[in-house]
Amino acid sequence: MSANKKISIGLVGFFFITILIFLYSKSLEKEIKIGFIGALTGKYSVLGNAMMNGVLLAFDEVNYEINGRKIKLVFKDDKQNATLNEEIVNEFINKGMKVIIGNVTSTMSKISISIINNHKDMFMISAASASNEFSGKDDQFFRVHVANNSKRFESFTKFVLKNGYKKVYGIYDPFNATYAKDYIVNFEKSFISNGGESFLAYEKTNTNLDILVSDVKKKKPDIILICANSVDSARVLQYFRLKGIKTQFAMAEWARTPSFLENSGKTSEGVIFNIDYDEKSTNPRYLKFLENYKKKYNSKPSMYAAKAYELSRIIIESLESVDETKVKQYILEKRSFDGLQDIIVFDEYGDVIREFYNFKVKNAEYVRIK
């Protein structure tokens, strides 16, 4: 082969590779990257993995494509570690991500929000972070989970008082105090405003359980309220029952997962919950979601899987109308979205209003109290 022919073939190959690189770079420009940050390992992973499942199901349904643009989801485990959480959020920002789903706990969300709020073209939305500390702020953080304000507890505190429980003993998870202690504080505010008394105690789940048992026996509460993850809630409940404490228990929605029933066994019988989610809802949207979730994962979804699915559908709808830098504006303009069981209404600060129901564990099931 002559030298000229070799040069000619080489030039053709060079131009062909250049075109491929150009087309590939253009396809990357069209790609929308969405970050997910939350606990995917450890004791909080019950929530994180459920949320991940809900997100994946929603984007499966649109085949990871919106208006011809490919969607790339990037999942990161914050391991409930502040330093790691910070690194991940900054990594998302450096990679040009404008939409982030997370975190699982309010304590980690607080760290993420402090970074995200420095970037007005970014948007973060959570399926679980309910601390009232985030309420009423014009920032880059929204959520589909109701905040722990005293109004949110109205139906719960009225139910507790109506059933004669006047003396409350509070226990919370100190490792997610931004949410858990906030929950106890605002429950107490609502409880007092409806005629109840100040709580007998504010204790922590990592306190020696024998000390807690002794204190409960001494103070004799009518009801023990725990705000903790499903593992710790079940652990405390089982130990108290083992030590002969028969006091009524109430738990925050954080613990209301299938794993709580599995970990607590028969000791969960009669435990009260107040929550904005009903597994036996007959809403057609929910029934379709339930069918698709079971088909994909061969299991029933938890509330957190459902709420992660809902927020993903809101992101998808937004991206069908605007680019990823304007998701917040789109949601604020529309305000009202179809949830799986109800209508999700955002206020001007990205907080939502939803209806709550009372439940009691009966025969290892969460049964709604009419």
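In the predicted model, Asn-103 is placed in the loop that runs between strand S4 (99-102) and helix H4 (106-116), and the peptide bond that joins Gly-102 to Asn-103 is cis, with omega at about -10°. Backbone geometry is also notable in the loop between strand S3 (69-77) and helix H3 (82-94), where Lys-79 lies; this residue, although not a glycine, has a positive phi near 55°, and its relative accessibility of 51% counts as exposed because the cut-off for that class is over 50%. Gln-80, located in the loop between S3 and H3, likewise is not a glycine and has a positive phi of about 55°.

A search of the whole structure for aromatic pairs finds 25. The ring centres of Phe-134 and Phe-141 are 5.5 Å apart and the ring planes stand at 75°, so this pair is edge-to-face; both Phe-134 and Phe-141 are buried. Phe-199 and Tyr-202 form a tilted aromatic pair, with 6.0 Å from centre to centre and 55° between the planes. Of these two residues, Phe-199 is buried, at a relative accessible area of 9%, whereas Tyr-202 counts as partly exposed, at 28% relative accessibility. Phe-199 and Tyr-202 also belong to a cluster linked by ring pairs, whose members further include Tyr-44, Phe-153, Phe-156, Tyr-179, Tyr-183, Phe-187, Phe-191 and Trp-254.

Aromatic rings are also found in contacts with a charged side chain, that of Arg-256, which lies over the face of Phe-359 at 4.4 Å from the ring centre and over the face of Tyr-366 at 4.3 Å from the ring centre.

Definitions and conventions. Residues numbered from 1 in each chain as written. Predicted model: local features only at pLDDT ≥ 70, side-chain atom pairs only at ≥ 80, totals over all residues. Heavy atoms only, no water. Phe/Tyr/Trp six-rings, centres within 6.5 Å; stacked < 30°, edge-to-face > 60°. Buried < 20%, exposed > 50% of the residue type's maximum accessible area, 1.4 Å probe, protein only. Lys NZ or Arg CZ within 6 Å of the ring centre and 35° of its normal. Helix = DSSP H or I, 4+ residues; strand = E, 2+ residues; numbered from the N terminus.
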